[in-house]
Amino acid sequence: MALVVVCLATLPEKALAQYESESDASIPLENFYIKRQGVGTLRKILSKVTFGLSTGYGSTTFKHDLSGYGILQNPDSMPKLFKPASVGAGYTNWVNKMTATGNTVQPGSFQVNSDTTKLGFKSKSFSIPIKATLHVEFDRYRIGGGYSIEYMNMGTFKPTSYGDKINSFNTDFSSFFLKKYFGMIGGAVYRYYEYLLVVDANIGGYSMGKNFDKSLIQKGVYMNVGVAVEREMSEYFRVFVRPSYEVKSYKMNVPEGGDAITHKFNAFYINVGATYRIPELRRCFLKSCHAQMNHAHGNREYRSRRHPIYKKQDPHYGENYPNLIKYKGRNKKKLNPY
């Protein structure tokens, strides 16, 4: 070893310079001074992008206020809306279509107007979302967008007032697919070892499918705010749990004119999923290479092939087994694990 050091010390300055390629090196020792080839621009850009995919469960509360209308409840039938000035003109399907229909007051019917009591209906529904995201991270901050589609099962609408006199009703469809597209902004607010606490918001629009009359519906933007707990499995791969609350609504217009009915369908979600970032360095091509850190072969740098994307490692020195053997299994109970 001392002889090698002496030889290196006696080499001329030119011999210690970095060479552009292996062919420029004249002696084997000079291979250590070959200039490493940088990462391509496209791969550098792609390495900043993180892809995410998740699913989970959503609980949605549909609720609407029928101010400006009255309710006619005939025995053994669905409730119907009417305008205070015209009881004979009724409406059904006001959740999704606003169908005009005649009102016939039958013996034993019940009528109530919104000028005396607050009227409305409420329903609990569940959904199963599938959500895909793409974002770029700058230090602790992240910005991006995504798309989701969720299967939503419609529940029974129950009256918020006069539950003993007004019947519940179901829509003319049992389920539908809700599609959402959004921008995303957020950031990591706390780290504990490999765990990250991330706060983010999704803001965008949505489509409710063919069961809803889009010519009568006025939609607004929706906002979803969540707090995610992320677990870093490696520098490229994370798993997460994200509870969130979402606010959204739409207005149903009346074809013949009148006050629009505002429908709110806010929701609580809990999503579980994973994110993946494309590595900046290519995986080492040598199957027999056991290097556990970022290393070079010739003038090109590679990442370790000893670690799958879901296994934690340190890019500087490698970390194949984060826990020492003396802390594993039966060794934990031994005074001298070695």
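Start with the open sheet of five strands, which run in the order S5-S4-S3-S2-S6 with antiparallel pairing. Strands here are DSSP runs of E with at least two residues, numbered from the N terminus, and two strands pair if DSSP finds at least two bridges between them. Strands of a sheet pair through backbone hydrogen bonds, either parallel or antiparallel.

Before going on, note that this is a predicted model: local features need pLDDT of at least 70, side-chain atom pairs count only at pLDDT 80 or more, and totals for chains, interfaces and linings use all residues. Residues are numbered from 1 along each chain as its sequence is written, and side-chain values use heavy atoms, with hydrogens and water left out.

**The edges and middle of the sheet**

Select residues 99–102 and 110–113. These are strand S5 and strand S6, the edges of the sheet; each has a single partner strand, so one side of each is left without a neighbour in the sheet. From one strand to the next, the twist averages 35°; the angle is taken between axes, which are lines fitted to C-alpha atoms, and runs from 0 to 180 degrees between N-to-C directions.

Now select residues 70–73 and 80–83. Strand S2 and strand S3 run antiparallel here, joined by three bridges. Click on Ile-71: its bridge partner in S3 is Leu-81.

**Aromatic rings**

Rings of Phe, Tyr and Trp (its six-membered ring) pair if their centres lie within 6.5 Å; planes under 30 degrees apart count as stacked, over 60 as edge-to-face and the rest as tilted. The count by this rule is 17 aromatic pairs. Show Tyr-151 and Phe-177, an edge-to-face pair with 5.8 Å centre to centre and 65° between the planes. Tyr-151 belongs to strand S8 (residues 141–153) and Phe-177 to strand S10 (residues 175–192), so this pair ties together parts that are 26 residues apart in sequence.

Are these two rings buried or exposed? Buried means under 20% relative accessible area, exposed over 50%, and partly exposed in between (1.4 Å probe, protein chains only). Tyr-151, at 31% relative accessibility, is partly exposed, and Phe-177 is partly exposed with 49%.

Next, select Phe-173 and Phe-176. Their rings form an edge-to-face pair, 5.9 Å centre to centre with 80° between the planes. Phe-173 is buried at 8% relative accessibility, and Phe-176 is buried at 3%. To see the cluster that these two belong to, add Phe-62, Trp-94, Phe-121, Phe-157, Phe-169, Tyr-206, Phe-212, Tyr-250 and Phe-265, which ring pairs link with Phe-173 and Phe-176.

**Charges over rings**

A charge sits over a ring if NZ of Lys or CZ of Arg is within 6 Å of the ring centre and within 35 degrees of the ring normal. Select Lys-180 and Tyr-222: Lys-180 lies over the face of the ring, 5.2 Å from its centre. Then go to Tyr-236, where Arg-303 lies over the ring face at 5.6 Å from the centre.

**Salt bridges**

A salt bridge is a side-chain nitrogen of Lys or Arg within 4 Å of a carboxyl oxygen of Asp or Glu. By this rule there are 13 salt bridges. Select Glu-137 and Arg-238, whose side chains meet in a salt bridge at 3.3 Å, N to O. Glu-137 is in strand S7 (residues 120–138) and Arg-238 in strand S14 (residues 237–247), so the pair ties together parts that are 101 residues apart in sequence. Glu-137 is partly exposed at 23%, whereas Arg-238 is buried at 13%.

Keep Arg-238 on screen and add Glu-232: these two form a salt bridge with their closest N and O atoms 3.5 Å apart. Both Arg-238 and Glu-232 are buried. Which residues join them in one network? Salt bridges that share partners connect Glu-137, Arg-142, Arg-191, Glu-230, Glu-232 and Arg-238.

**Cysteines**

End at Cys-284 and Cys-289. How many disulfides does the structure hold? A search of the whole structure finds zero, a disulfide being a pair of cysteine sulfur atoms within 2.5 Å. Cys-284 is in no disulfide, and its nearest cysteine sulfur, that of Cys-289, is 3.8 Å away. That distance is too far for a bond. Cys-284 is buried at 2% relative accessibility, and Cys-289 is buried at 10%.

Notes:
Helix = DSSP H or I, 4+ residues; strand = E, 2+ residues; numbered from the N terminus.
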